[in-house]
Amino acid sequence: MSTLPAPTLLQAIGGFCVLAQKTAQTRLTYRLAMLVTLLASAFAYCVFLLVWEEVYRQNPHAGPLSREQMLGYLVIAFLVNTMLILNVESRFLQRVRMGLVAIDLVRPLGFVFVQLAQATGDLMVNAFYAVPIYVVGLAFAGPALYPASWLAAVLGSVSVALAFLVGFGVSYLIVQASFVLQSGYGVLFARAALHQVFSGLSAPLVMFPPPLRRVAAWLPFRHEIETPARLWLGQASLAEAPSLLLQQAAWGVGLVLAGELIFRAVMHRHQIQGG
Amino acid sequence: MHALRFYSTLYRTALKSVAEYRVDFAVGIVTAVAMQLAALAFYWVIFARTPALGGWSPGQVLLLFGFTAMVLGLSEATLNGIWWLPYYILDGQLDRLLTFPVNSLAFVLLSRPELHSFGNFAAGALSVAVAFHSVSAPWYALLLLPLWIVAGAVIYTGVLVLVGALTFRIVGPWVTHLFTVHQLFNTSRYPISIYPRWLHVLVLYVVPFGAAIFVPADYLRGHGSLWQAVLVPPLAALAVAFAAKTAWDAALRGYQSTGS
């Protein structure tokens, strides 16, 4: 059996962009479903806000952050989370079960880059939805959502890009699990649970009890939400910023490489389902 | 009697088919426990910052967490099939089902038990057991626990069916409308007193999750009456079940196949 020749760099970049664009178009096809999901998520998140509102009502000095800082943090955390909801695993789980993964495995772009391109498409659509969320957030939280300075805005934006890489790295690891399990939904939900606690989505780590904070510090999830939110709001000092960005980059690259190593090992024993 | 035997066989068969994949079963259980632990971690964060929430002590809030997880677990273990309705409609499975001499709603609900439900139920039961020591309820109040959990599961599933009936009109491969119900259900984890008035009304009277969770928990902490705790959950469950069956039948009358 002959194999296709590897694409040139320009062809690969072109293919990557087309795949990202097509993924975004597919996502936009289901606009109503996405809007309802977004509203449901926003509602669920409002429960967190109401819980924190009650905590600060009972104890105005509940932690190192003031009520206004906490509100600003939570809205920005929700915004970053919305931007980084990637459908990598859910899209792939379906394809494994239907046997369509055979097509993904022979694409000239390479398996990891196909997944990354599709994740980029997700990010493009999510960024589009993030704008109205920020506007609505501004109406409620006002200046608490502004970046601390121009530099903080730049650092926060770079951090969001690196957070995308970390999020993709975690998703790519879960994709490997779906090669082994009949249904990867279990692992998918486990990731969601870990993400909810340790990413800082429901509270910044500084509000955590020390044992929980220590566990969170050793996991990559905080670099998906907390790090970009703190950098944007200036809650992390400028001296901390290079270290935080480096940690994010290291986690992102490390997770993708780990996923790629597992992928190569899994491919030795994987059988394609007939659909 | 014959119908009961039929649905019992249907359920056991469905359970066997999903339990066939043992690794998935184990992962499902671990996952469900992880998700409950995630919820409890937030509980820990909150009570590290405040001694009470909306007038409820940590033990009393834990009771709400436990009830919510047990109700969710029971519904997922027995009546979970509504989550698959969009896909049944899309690929034509519902058309075939409608030719069977069975109750289509019961068949759909019983056809897809969810494995991770056992983890949710177990984690919830453990939370209730721990929390029960911190409330001033008599021991015999625990005898009412099955009534509350069954009523809660019927209410949760009933609301899912009410909203799921929209699937007959808005055909597509999504469950986002059901996900919205699930998110609303999660409000049961926290005291109703922290929510704005409109949300009180919504979760107590319109989609009455609170009837089977807040009302019993309020009684257990010594605030509500026994009669309310005994009567309100089953009455709310009956009302929601009736509304769900009516909505399902009405939606089915207007059903047009996708032709798959």
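## Contacts and helix packing in a predicted two-chain model

B:Q256 is an exposed residue, because 9 other C-beta atoms lie within 10 Å of its own. The model in which this residue is described is predicted. B:Q256 belongs to the segment that comes after helix 12 (226-253) of chain B. Its C-alpha atom lies 9.4 Å from that of B:I89, although the two residues are 167 residues apart in sequence.

A second exposed position in chain B is B:P146, which counts as exposed because it has 11 C-beta neighbours inside 10 Å. B:P146 is part of helix 8 of chain B. From C-alpha to C-alpha, B:P146 and B:M70 are 10.0 Å apart in space, with a distance in sequence of 76 residues.

Helix 8 (residues 145-164) of chain B packs with helix 9 of chain B. The axes of helix 8 and helix 9 of chain B come within 9 Å of each other, and they cross at roughly 150 degrees. The cut-off for a roughly antiparallel pair is an angle over 145 degrees, and helix 8 and helix 9 of chain B are therefore roughly antiparallel. The crossing of helix 8 of chain B with helix 9 of chain B is right-handed. On the helix 8 side of chain B, the residues involved are B:Y156, B:V159, B:L160, B:V163 and B:G164, and they meet B:H177, B:L178, B:V181 and B:F185 in helix 9 of chain B. The contact between these two helices of chain B comprises seven nonpolar and two polar residues, with no charged residues.

Between the two chains, 33 residues of chain A are in contact with 34 residues of chain B. On the side of chain B that touches chain A, at least two residues each come from helix 2 (22-47) and helix 9 (176-185) of chain B. Helix 2 of chain B gives the most to this side, supplying 14 residues. Sorted by class, the side of chain B that touches chain A holds 20 nonpolar residues, 12 polar residues and two charged residues.

Helix 2 of chain B also packs with helix 7 (residues 117-132) of chain B, at an angle of about 40 degrees and with the axes 7 Å apart. Helix 2 and helix 7 of chain B are therefore oblique to each other. Their crossing is right-handed. The residues of helix 2 of chain B that make this contact are B:G28, B:I29, B:V30, B:T31, B:A32, B:V33 and B:Q36, while helix 7 of chain B brings B:F118, B:G119, B:N120 and B:A123. By class, six nonpolar and five polar residues form the contact of helix 2 with helix 7 of chain B, and no charged residues take part.

A further position that touches both chains is A:A62, in the loop between helix 2 (31-58) and helix 3 of chain A. With residues up to four places away in sequence not counted, A:A62 touches A:V55 and A:Y56 as well as B:R49 and B:T50. A:A62 is partly exposed, because 19 other C-beta atoms lie within 10 Å. The C-alpha atoms of A:A62 and A:W52 are separated by 9.5 Å, and these residues are 10 residues apart along the chain.

In chain A, helix 7 (residues 150-180) and helix 11 (residues 241-267) pack with their axes 8 Å apart, at an angle of about 20 degrees. Helix 7 of chain A is therefore roughly parallel to helix 11 of chain A. The crossing of these two helices of chain A is left-handed. Their contact has 22 nonpolar and six polar residues, and no charged residues.

Helix 7 and helix 11 of chain A, together with helix 3 (67-83), are also the helices against which the buried residues of helix 10 of chain A pack. Eight of the eight residues of helix 10 (residues 226-233) of chain A are buried, so this helix is largely enclosed by the rest of the structure. Among these buried residues are A:E226, A:R230 and A:W232. After helix 10 of chain A comes A:G234, which has a positive phi near 75 degrees.

The largest nonpolar core contains 140 residues, and those with the most contacts inside it are A:I76, A:V80, B:V71, B:I155 and B:A212. Apart from its neighbours within four places in sequence, B:I155 is in contact with B:P208, B:F209, B:A211, B:A212, B:A236, B:A237 and B:V240.

Terms used. Residues numbered from 1 in each chain as written. Chains lettered and ligands numbered in written order. Predicted model: local features only at pLDDT ≥ 70, side-chain atom pairs only at ≥ 80, totals over all residues. Contact = placed C-beta atoms within 7 Å. Helix = DSSP H or I, 4+ residues; strand = E, 2+ residues; numbered from the N terminus. Nonpolar A, V, L, I, M, F, W, Y, C, P; charged D, E, K, R; others polar. Axes fitted to C-alpha atoms, helices over the stretch in contact; angles between N-to-C directions. Parallel < 35°, antiparallel > 145°, perpendicular 65-115°, else oblique. Left-handed = near helix turned anticlockwise from the far one by under 90°. Core = buried A, V, L, I, M, F, W, Y, C linked by C-beta atoms within 7 Å. Buried ≥ 20, exposed ≤ 12 C-beta atoms within 10 Å, placed from the backbone.
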